[in-house]
Amino acid sequence: MFRGTAPAKIILFGEHAVVYGEPAIAAPVTSLYAEAIATPTDEAFHLIALDLDGKQISLQAEHSLALVSRLTFDTLGILPPNASVQVRSTIPLASGLGSGAAISAAIVRAICALTGCELTTAQTNEIVFEVEKIYHGTPSGIDNTVIVHNQVIYFVRGTPIEPVAVRVPLHLLIADTGHRALTKFAVGDVRTLVEAEPTRYRRVIEQIGDLTKSARAAIANGNLSMLGKLMDENHALLHELTVSSPELDALVAAARHAGALGAKLSGGGRGGNMIALCTSDTLATIQQALADAGAQRIVQTTIDATEGTSR
Ligand code: PMV
């Protein structure tokens, strides 16, 4: 039995603007993960998506799980051995937490474990990005990058990632509206807005970029009240880009009312998840407020301080 895993992710700042070359900050969420388990069998290589219908997916199928497997074998330059790869994930689908990229990364890693071959992080990232491009339109690459690197990143499309120094731990709640929304439609609608009114919406995108830069400094300095304020501002700008929703706004308002330092939608928006910045003292109250406001699932995550910066 050969296992590959990959975490979920949240975008802390800069979603949508990142598509236009502005920076974004994203973090892995290890309490949610995708897992692929490869077992040698007598049958030709195939995959089984346990969370879907449990049917066999052949290597030739027009399916994202088959595609990532083909790309992995091509990159490794080997023929697929007889094996069955079972795939499962605790990451909700289409909710801004990177389930697709995590599943792809888990499969690449399981195939490497099965075959005893190795790929670099960059090669794995490239394979996962290829699949993201085919199934998600024109992704910036932030999802696959944060998930494959499994660290907090400052990401600018097309440039090498930069690590983010974290001065004090960040206690976050991730709350799911329960509404699924495909990122590619939200990204497409933002594109339509930008093309229709470039001056207005380019300005919004630049403002998101500017506050993401400030957020990086606030994270490095441990200035949590500033960080919360920047999250609130980022949510307002995403609202202006029309990618929030009444459910997301309700959860954001409930979290702030219950004492969150800041709150915003995370990911493509229109549904999916929001995040709230809490302290260890306010976590329980805010969690209850989010549940009362209709959150379908609440996950707590802590972004740990990076070495040499904690105080
Ligand atoms: O996959 P999601 O829903 O977390 O969204 C990714 C972030 C976007 O900026 C909206 C799209 C992208 O490709 O960067």
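Q: In this predicted model, how many of the 17 residues of strand E2 are buried?
A: Strand E2 covers residues 24-40 of the predicted model. The strand is mostly covered. Buried here stands for a relative accessible area under 20%. Of the 17 residues in E2, the number that are buried is 12.

Q: Over how many bridges do strands E1 and E2 pair?
A: Strand E1 is made of residues 2-13. Its pairing with E2 is antiparallel, and one bridge in it joins Arg-3 to Ile-37 of E2. The number of bridges between E1 and E2 is 11.

Q: Which residue of E6 is the bridge partner of Ile-25?
A: E2 also pairs with strand E6, residues 153-155. That pairing is antiparallel and has three bridges. In E6, the partner of Ile-25 is Tyr-154.

Q: Which residue in E5 stands opposite Thr-39?
A: Strand E5 spans residues 83-89. E2 and E5 pair in the antiparallel sense, over seven bridges. Opposite Thr-39 in E5 stands Ser-84.

Q: Is Ser-99 buried or exposed?
A: Ser-99 belongs to helix H2, residues 99-115. Leaving aside residues up to four places away in sequence, Ser-99 touches Ile-91, Pro-92, Leu-93 and Ala-94. Its relative accessible area is 8%, and the cut-off for a buried residue is under 20%. Ser-99 is therefore buried.

Q: What distance separates the C-alpha atoms of Ser-99 and Arg-256?
A: Along the chain, Ser-99 and Arg-256 are 157 residues apart. In space, their C-alpha atoms are separated by 27 Å.

Q: How are H2 and H3 oriented to each other?
A: Helix H3 runs over residues 121-136. The axes of H2 and H3 come within 9 Å and cross at roughly 135°. This angle lies outside the ranges for roughly parallel, roughly antiparallel and roughly perpendicular, so H2 is to H3 oblique.

Q: What is the handedness of the crossing of H2 and H3, and how many charged residues does their contact have?
A: H2 passes H3 in a right-handed crossing. Gly-100, Ala-101, Ser-104, Ala-105 and Val-108 in H2 meet Thr-124, Ile-127, Val-128, Val-131 and Glu-132 in H3. By class, the contact has six nonpolar and three polar residues, and the number of charged residues is one.

Q: Why do H6 and H7 count as roughly antiparallel?
A: Helix H6 is residues 198-221 and helix H7 is residues 224-240. Their axes are 10 Å apart, and the helices pack at about 160°. Angles over 145 degrees fall in one class, so H6 and H7 are to each other roughly antiparallel.

Q: How many nonpolar residues are in the contact of H6 with H7?
A: The crossing of the two helices is left-handed. Residues of H6 in the contact include Val-204, Ile-208 and Leu-211, and those of H7 include Leu-227, Leu-230 and Leu-237. Alongside three polar and three charged residues, the number of nonpolar residues is 12.

Q: Which strands are the edge strands of the sheet E9-E10-E8-E11?
A: Four strands form this open sheet, with antiparallel pairing. Each edge strand pairs on one side only. The edge strands are E9 (262-266) and E11 (297-303).

Q: In E10, which residue is the bridge partner of Ile-174?
A: Strand E8 (residues 170-176) and strand E10 (residues 273-278) pair over six bridges in the antiparallel sense. In E10, the partner of Ile-174 is Ile-275.

Q: At what angle does H7 run to E9?
A: H7 lies across E8, E9 and E10. Its angle to E9 is about 40°.

How values were computed. Residues numbered from 1 in each chain as written. Predicted model: local features only at pLDDT ≥ 70, side-chain atom pairs only at ≥ 80, totals over all residues. Heavy atoms only, no water. Buried < 20%, exposed > 50% of the residue type's maximum accessible area, 1.4 Å probe, protein only. Pairing = 2+ DSSP bridges. Axes fitted to C-alpha atoms, helices over the stretch in contact; angles between N-to-C directions. Parallel < 35°, antiparallel > 145°, perpendicular 65-115°, else oblique. Left-handed = near helix turned anticlockwise from the far one by under 90°. Contact = heavy atoms within 4.5 Å. Nonpolar A, V, L, I, M, F, W, Y, C, P; charged D, E, K, R; others polar.
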